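The following paragraphs examine the side-chain contacts of the structure shown below. They proceed from aromatic rings to charged groups and then to cysteines.

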Amino acid sequence: MSGSTPFKMRLVHLDLKGAPPKVSYLSEIFPLFRALGANGLLIEYEDMFPYEGPLRLLRAKYAYSPSEIKEILHLAGLNELEVIPLVQTFGHMEFVLKHAAFAHLREVGPFPCTLNPHEAESLALVGAMIDQVLELHPGARWLHIGCDEVYYLGEGEASRRWLQQEQNSIGKLCLSHMRAVASRVQARRPSVTPLVWDDMLRDLPEDQLTASGVPQLVEPVLWDYAADLDVHGKVLLMQKYWRCGFLRLWAASAFKGATGPSQAVPPIKHHLRNHVQWLQVAGSRPTDSLQGIILTGWQRYDHFSVLCELLPAGVPSLAACLQLLLHGGFDEDAKAKVENLLGISNLEMMDPVREGAGSFPGSNILALVTQVSLHLRSSVDVLLEGNTYITGWFSPYHRRRKLIHPVMVQHIQPAALSLLAQWSTLVQELEATLQLAFYPDAVEEWLEENVHPSLQRLQALLQDLSEVATSPPPPPPPPTSPGRDAVQDP
């Protein structure tokens with residue numbers, strides 16, 4: 001069936017800078033990726049890679065070990081998924097430049113996002129990172145070197161001085177660093193072709209791109225995650241890149257992580273429309289005009305942002321998007337294939353309760369996450385802001401002063417206790433389920449961001465009720481001045 005798709009390579013992006021899955025979960029989900037139509041992985045390791053030597057401090061607490069990296073590659077091979085590793089080498093360098101040992105290599109002192117391209121030590125740093133990643137990926141044919149969203153480039157002191165020279169520009173500075181990094185990759189492993197995200201290239205003049213030498217070294221990945229992607233604009237951009245000498249181009253869509261930094265469950269219709277648009281882009285050019293498509297699944301917008309949709313929560317969206325690419329549209333056959341592979345009765349009307357969540361690896365996580373995201377905060381809001389007994393007799397004014405009519409405790413406390421017990425039971429189940437797929441820090445973060453604030457509001461209400469029920473009655477009000485009916489002394 002893949003012969004009908006214009007994308008001969010279909011890579012699932014694993015963004016490991018947030019909630020990286022345990023290898024045991026990857027062993028369960030890789031066969032499903034393959035069955036759904038993927039034939040590759042783009043693995044963005046960030047701080048989950050087991051860097052050694054001076055780079056060891058880049059490791060996250062639960063970073064994969066070298067043997068786990070080998071196991072991931074082995075599992076990918078068993079499922080015919082080609083692995084392309086991704087190493088950020090210019091922008092999105094927070095996981096490196098946040099450390100004091102590398103802070104002097106920031107483009108702008110206070111901001112750890114962008115590498116200073118003027119320092120020789122900067123190229124040595126990313127070169128060392130690349131060397132270690134390639135060493136553990138001996139069969140890699142491509143290496144993605146990032147280079148997207150290079151914020152504040154040109155604003156550092158060295159860049160300002162450099163830009164004062166005639167004919168220097170931010171575009172030239174960007175291309176110079178890309179060329180240096182790509183040359184470093186090819187010197188280290190001539191058989192490996194670097195990929196780059198294309199956003200820093202889009203607006204550069206054609207003559208500058210052509211003269212830079214970059215088109216002979218890298219393959220751009222044109223990324224756009226919008227549901228209303230400009231098809232004609234993308235075709236024109238592809239034509240521009242070909243005129244500049246780029247030999248092969250890639251596309252990048254999104255199946256999650258592109259509709260809000262704190263999104264919990266992907267809006268499937270948005271992502272399907274994004275892939276429909278990409279099919280139109282590919283269909284307007286000769287066959288194989290795009291080397292492949294990367295279905296991105298961002299886990300954080302950057303190193304310091306909150307978690308967005310967890311991988312299991314994104315599986316139905318990924319499944320629908322992959323099948324759309326294979327079928328040339330999301331027709332009934334594609335929909336039926338998705339529902340069959342995921343064990344879902346109706347993709348369009350997925351029931352958030354567990355019985356209707358499916359049978360794919362992580363489906364129970366999706367069910368519980370959906371219940372929390374749809375109902376936890378709203379149910380607490382309804383109680384605290386819509387319950388007449390609370391709003392009328394135990395308002396913030398009353399709670400601060402520990403005032404309540406004693407009978408109202410009987411009206412408020414049982415409802416609050418019942419709601420807290422209901423959610424506490426579900427959250428305990430969710431926590432246990434999350435621990436099967438994710439490391440403790442990710443579980444803690446997701447619960448602290450998405451669960452604890454609402455439960456703490458309930459617990460605070462019950463604590464205030466407990467204190468007011470056991471506290472002595474408030475002192476009587478001070479006497480007022482005599483009114484008209486008061487007895488007057490003669």
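Rings of Phe, Tyr and Trp, the last represented by its six-membered ring, are taken as a pair if their centres lie within 6.5 Å. In this predicted model, that rule gives a count of eleven aromatic pairs. One of them joins Tyr151 and Tyr152, whose ring centres are 6.5 Å apart. The planes of Tyr151 and Tyr152 stand at 65°, and planes over 60 degrees apart count as edge-to-face, so this pair is edge-to-face. Both residues have some access to the surface: Tyr151 is partly exposed at a relative accessible area of 43%, and Tyr152 is likewise partly exposed at 36%.

Tyr241 and Phe246 also form an edge-to-face pair, with 5.5 Å from centre to centre and 75° between the planes. Here both partners, Tyr241 and Phe246, are buried. Elsewhere, ring pairs connect Tyr45, Phe49 and Tyr51 into a cluster.

An aromatic ring can also be accompanied by a charge. The charged end of Arg202 is placed over the ring of Trp223, at 4.8 Å from the ring centre. Arg202 also takes part in a salt bridge with Asp198, in which the closest N and O atoms are 3.0 Å apart. How do the two partners of this bridge stand with respect to burial? Arg202 has a relative accessibility of 24% and therefore counts as partly exposed, whereas Asp198, at 0%, counts as buried. The boundary that separates them is 20% relative accessible area, under which a residue is called buried.

The bridge between Arg202 and Asp198 belongs to a wider set, since a salt bridge is defined as a side-chain nitrogen of Lys or Arg within 4 Å of a carboxyl oxygen of Asp or Glu. The count by this rule comes to 18 salt bridges. Among them is the bridge of Glu80 with Arg34, whose closest N and O atoms are 3.0 Å apart. This pair links distant parts of the chain: Glu80 belongs to the loop between helix H2 (66–78) and strand S3 (82–86), Arg34 belongs to helix H1 (residues 23–36), and the two are 46 residues apart. Glu80 is exposed, with a relative accessible area of 53%, while Arg34, at 32%, counts as partly exposed.

A further salt bridge brings together the side chains of Lys402 and Glu467, at 2.7 Å from N to O. Lys402 is located in the loop between helix H14 (396–401) and helix H15 (406–437), and Glu467 in helix H17 (residues 452–470), so the contact ties together parts that are 65 residues apart in sequence. Both ends are partly exposed, Lys402 at 35% relative accessibility and Glu467 at 28%. In addition to such individual pairs, Asp15, Lys17 and Glu44 are joined into one network by salt bridges that share partners.

The cysteines remain to be considered. How many disulfides does a search of the whole structure find? The result is zero. The sulfur of Cys174 has its closest cysteine sulfur in Cys147, at 6.7 Å, which is too far for a bond, because a disulfide requires sulfur atoms within 2.5 Å. For Cys321, the closest cysteine sulfur is that of Cys308, 15 Å away and therefore also too far for a bond. Cys174 is buried, with a relative accessible area of 1%, and Cys321 counts as buried at 0%.

Technical notes:
Residues numbered from 1 in each chain as written. Predicted model: local features only at pLDDT ≥ 70, side-chain atom pairs only at ≥ 80, totals over all residues. Heavy atoms only, no water. Phe/Tyr/Trp six-rings, centres within 6.5 Å; stacked < 30°, edge-to-face > 60°. Buried < 20%, exposed > 50% of the residue type's maximum accessible area, 1.4 Å probe, protein only. Lys NZ or Arg CZ within 6 Å of the ring centre and 35° of its normal. Helix = DSSP H or I, 4+ residues; strand = E, 2+ residues; numbered from the N terminus.
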